[in-house]
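Got the structure open in your viewer? Here's a short tour of its rings, with a selection to make at each stop.

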Amino acid sequence: MLERFAEYLTDRMIANETIPREKAALYSFGLLQGMRTILEAGMLLITGFLLGLFWQGIVILLSFVMVRMYAGGYHAATVGQCAWKTWLLFTGVLLYLKFVPCHPILQGIVLLAAAIFMYWKAPIQDEHKPLEEYEIKKYRKKAAVFLGIDLAVYILGYLLKITDLSRSIVMGIVMLSVVLVSGYIKNLIRQK
């Protein structure tokens, strides 16, 4: 259904001479990806809202996505699987945040372990998109910068006693760690 809507919008843009006909496939793909992203983000944010953790969910997603873009990790076989697995992981993280108290020292250990693993193994490549050596260096550096931003916000929240902010950052990094370790294990299994 989304595919047809993306094609319809592309056809309308061609009819209105907004885009050239030879770029129709590219625009249709871009529209489709944009619509999927909006729907998936909406699904996650609604879940956060229903659990009474709306702004915490936003912080979790931001801390996760900023690093995930460059760190790589697990990739599902289909778009539907990706959306479903992301929702399950996000919901689990929100439920943990809501119902399980966490000590700041444990949070610090989790952050340190995630940072070490990410710096050691990121970016985790996907079999469908192998990376060149220069790309690996570039992505690792960018992932480290965004992880550094996450850590700075975590420390700021801790110092200002905004506990939910600090815990949300940790939960975003926990999500990231699950995706990175899962991708790493998937690659190890595939290589055997």
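Searching the whole structure turns up nine aromatic pairs. Keep in mind that this is a predicted model.

Start by selecting Tyr70 and Phe146. Their ring centres are 5.7 Å apart and the planes sit at 0 degrees, so this pair is stacked. Now colour by helix: Tyr70 belongs to helix H3 (residues 54–71) and Phe146 to helix H6 (residues 133–159), so you're looking at a link between distant parts of the chain, 76 residues apart. Switch on a surface and check Phe146, which counts as partly exposed at 22% relative accessibility.

Next, pick Phe117 and Tyr184. This aromatic pair is edge-to-face, with 5.8 Å centre to centre and 85 degrees between the planes. Here too, distant parts of the chain are linked: Phe117 is in helix H5 (residues 104–121), Tyr184 is in helix H7 (residues 163–191), and 67 residues separate them. Which of these rings is buried, and which is partly exposed? Phe117 has a relative accessible area of 17%, and because buried means under 20%, Phe117 is buried. Tyr184, with 23%, is partly exposed.

Go back to the stacked pair and add Tyr139 to the selection. Tyr70, Tyr139 and Phe146 form one aromatic cluster.

Two lysines round off the tour. Select Lys121 with Trp120: Lys121 lies over the face of Trp120, 4.3 Å from the ring centre. Then show Lys186 and Tyr74, where the charged end of Lys186 sits over the Tyr74 ring, 4.8 Å from its centre.

Key: Residues are numbered from 1 along each chain as its sequence is written. This is a predicted model: local features need pLDDT of at least 70, side-chain atom pairs count only at pLDDT 80 or more; totals for chains, interfaces and linings use all residues. Side-chain values use heavy atoms; hydrogens and water are left out. Rings of Phe, Tyr and Trp (its six-membered ring) pair if their centres lie within 6.5 Å; planes under 30 degrees apart count as stacked, over 60 as edge-to-face and the rest as tilted. Helices (H or I, at least four residues) and strands (E, at least two) are DSSP runs, numbered from the N terminus. Buried means under 20% relative accessible area, exposed over 50%, partly exposed in between (1.4 Å probe, protein chains only). A charge sits over a ring if NZ of Lys or CZ of Arg is within 6 Å of the ring centre and within 35 degrees of the ring normal.
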